[in-house]
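Colleague: Please take one part of this model and go through it closely. I would like the open sheet, what packs on it, and the backbone oddities in the loops around its strands.

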Amino acid sequence: MNNMIRVGMADLNICKTPNVITTLGLGSCIGLTFYDPVRKMGGMVHYMLPDSTLIRNNTNIAKFADTGIQELLKRVLEAGASRTRLVAKIAGGAKMFGLSGGSSISNVGEKNAIAARKILKQLNIPLVAEDTGLDYGRTIELHCETGELYIKAIKKPVKII
């Protein structure tokens with residue numbers, strides 16, 4: 001019997017087969033997963049903002065792309081994943097607010113997705129699949145047995161990447 005490990009908003013955790021790790025309600029936030037296909041393990045971070053350096057008194061590292069992705073990487077490696085085998089997937093980054101113009105609120109989802117791609121490139125971890133943008137929320141599940149990322153959205157078929 002597998003367990004469902006829940007990751008909240010501005011949160012992260014790791015997962016090993018046969019378990020599944022999930023996060024609910026990704027709007028402009030990004031759910032980023034790391035997965036090691038040989039060890040059948042990985043992890044997920046649900047971050048809200050692209051850059052922790054713009055905020056003073058930041059105590060929650062999982063809230064930001066730069067600090068959250070680094071912390072998730074550290075934890076999956078400590079749990080036994082191989083850095084050379086890790087692959088990443090991302091979902092979310094929607095434009096949830098129909099604001100006109102280039103308001104920073106209206107494009108935070110796009111900035112979050114750009115931050116993930118940039119950080120993964122710096123870390124030399126391949127981004128093998130993504131489901132980002134558009135204007136709807138997503139719930140995601142990383143199945144550690146297979147490495148498949150299930151993406152669920154209201155009134156849409158389940159997508160597997």
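Modeller: What follows goes from the sheet to the cores and then to the loops. Keep in mind that this is a predicted model.

Start with the sheet. Five strands make it up, and it is open. The strand order is β2-β5-β4-β6-β7, with mixed pairing. At the edges sit β2 (11-16) and β7 (127-132), each paired on one side only. On average, neighbouring strands are turned by 15 degrees against each other, direction ignored.

Now one pairing inside the sheet. Strand β4, residues 30-36, runs antiparallel to β6, residues 87-92. Six bridges join the two. One end of β4 can be placed by its partner: isoleucine 30 bridges to glycine 92 in β6.

Helix α1, residues 65-78, packs on this sheet. The helix touches β2, β4 and β5 (41-47). Its direction makes about 165 degrees with that of β5.

Which residues have the most contacts inside the largest nonpolar core? They are Leu32, Phe34, Val45, Tyr47, Ile69, Leu86 and Ile125, in a core of 25 residues. Two or more residues come from each of β4, β5, α1, β6 and α2 (108-123). Helix α2 gives the most, with six.

Isoleucine 69 shows how these pieces meet. Leaving aside residues up to four places away in sequence, Ile69 touches Leu32, Phe34, Val45, Tyr47, Phe64, Ala116, Ile119 and Leu123. A second core is separate and has 15 residues, among them Ile21, Tyr35, Ala91 and Leu149.

Next, the loops. Most residues other than glycine have a negative phi, and most peptide bonds are trans. Three places here depart from that.

Take the peptide bond first. Threonine 17 and proline 18 are joined by a cis bond, with omega of about 10 degrees. Proline 18 lies in the loop between β2 and β3 (20-26).

Then phi. Alanine 10 has a positive value, near 60 degrees, though it is not glycine. Alanine 10 belongs to the loop between β1 (4-7) and β2. Leucine 134 also has a positive phi near 60 degrees. Its place is the loop between β7 and β8 (138-143).

Are these two residues buried or exposed? Alanine 10 counts as buried because its relative accessible area is 13%, under the 20% cut-off. Leucine 134 counts as exposed because its value is 57%, over the 50% cut-off.

Conventions. Residues numbered from 1 in each chain as written. Predicted model: local features only at pLDDT ≥ 70, side-chain atom pairs only at ≥ 80, totals over all residues. Heavy atoms only, no water. Pairing = 2+ DSSP bridges. Helix = DSSP H or I, 4+ residues; strand = E, 2+ residues; numbered from the N terminus. Axes fitted to C-alpha atoms, helices over the stretch in contact; angles between N-to-C directions. Contact = heavy atoms within 4.5 Å. Core = buried A, V, L, I, M, F, W, Y, C linked by side-chain atoms within 4.5 Å. Buried < 20%, exposed > 50% of the residue type's maximum accessible area, 1.4 Å probe, protein only.
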